[in-house]
Amino acid sequence: LTAERDRRRNAAWTVALVKMVTDDTVPTAAANRKVIEDWLMKWQPRALAAIEALAPIAARVPAAAVALT
């Protein structure tokens with residue numbers, strides 16, 4: 001699936017970026033960690049609320065219609 005391949009690529013890129021900017025050899029690593037932490041504090045509750053709101057719709061999709069392997 002193209003969407004799954006894209007998801008995996010985006011996740012891998014995100015992990016690599018976070019590792020790069022928070023590595024202890026980076027002079028601004030502590031500040032970068034704080035920025036990322038602030039983003040998570042802001043966006044995680046919003047993402048969870050969106051997931052919760054969409055859960056009834058997702059529950060109606062037959063399992064066979066979505067294969068995330």
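Here is a short chat about two helices and some charged pairs in this predicted model.

User: Why are helices H1 and H2 called oblique to each other?

Analyst: Their axes cross at roughly 140°. Angles over 145 count as roughly antiparallel, and 65 to 115 as roughly perpendicular. The crossing of H1 and H2 fits neither of those ranges, nor the one under 35 degrees for roughly parallel, so the pair is oblique.

User: Which residues make the contact?

Analyst: On the H1 side, Val 18, Val 21 and Thr 22; on the H2 side, Ala 29, Asn 32, Arg 33 and Ile 36. Sorted by class, that's 4 nonpolar, 2 polar and 1 charged residues.

User: What makes Glu 4 and Arg 8 a salt bridge?

Analyst: The cut-off is a side-chain nitrogen of Lys or Arg within 4 Å of a carboxyl oxygen of Asp or Glu. For Glu 4 and Arg 8, the closest N and O atoms are 3.0 Å apart, so the pair meets that rule. The two sit 4 residues apart in helix H1, about one helical turn.

User: Is Glu 4 buried or exposed, and what about Arg 8?

Analyst: Buried means under 20% relative accessible area. Glu 4 has 6%, so Glu 4 counts as buried. Arg 8 has 44%, which lies between 20% and the 50% limit for exposed, so Arg 8 is partly exposed.

User: How do you know that Lys 34 pairs with Asp 38?

Analyst: Same check: their closest N and O atoms are 2.7 Å apart, and the limit is 4 Å. Both lie in helix H2, about one turn apart.

Definitions and conventions: Residues are numbered from 1 along each chain as its sequence is written. This is a predicted model: local features need pLDDT of at least 70, side-chain atom pairs count only at pLDDT 80 or more; totals for chains, interfaces and linings use all residues. Side-chain values use heavy atoms; hydrogens and water are left out. Axes are lines fitted to C-alpha atoms, for helices over the stretch in contact, and angles run from 0 to 180 degrees between N-to-C directions. Contact means heavy atoms within 4.5 Å. Ala, Val, Leu, Ile, Met, Phe, Trp, Tyr, Cys and Pro count as nonpolar, Asp, Glu, Lys and Arg as charged, and the others, Gly among them, as polar. Buried means under 20% relative accessible area, exposed over 50%, partly exposed in between (1.4 Å probe, protein chains only).
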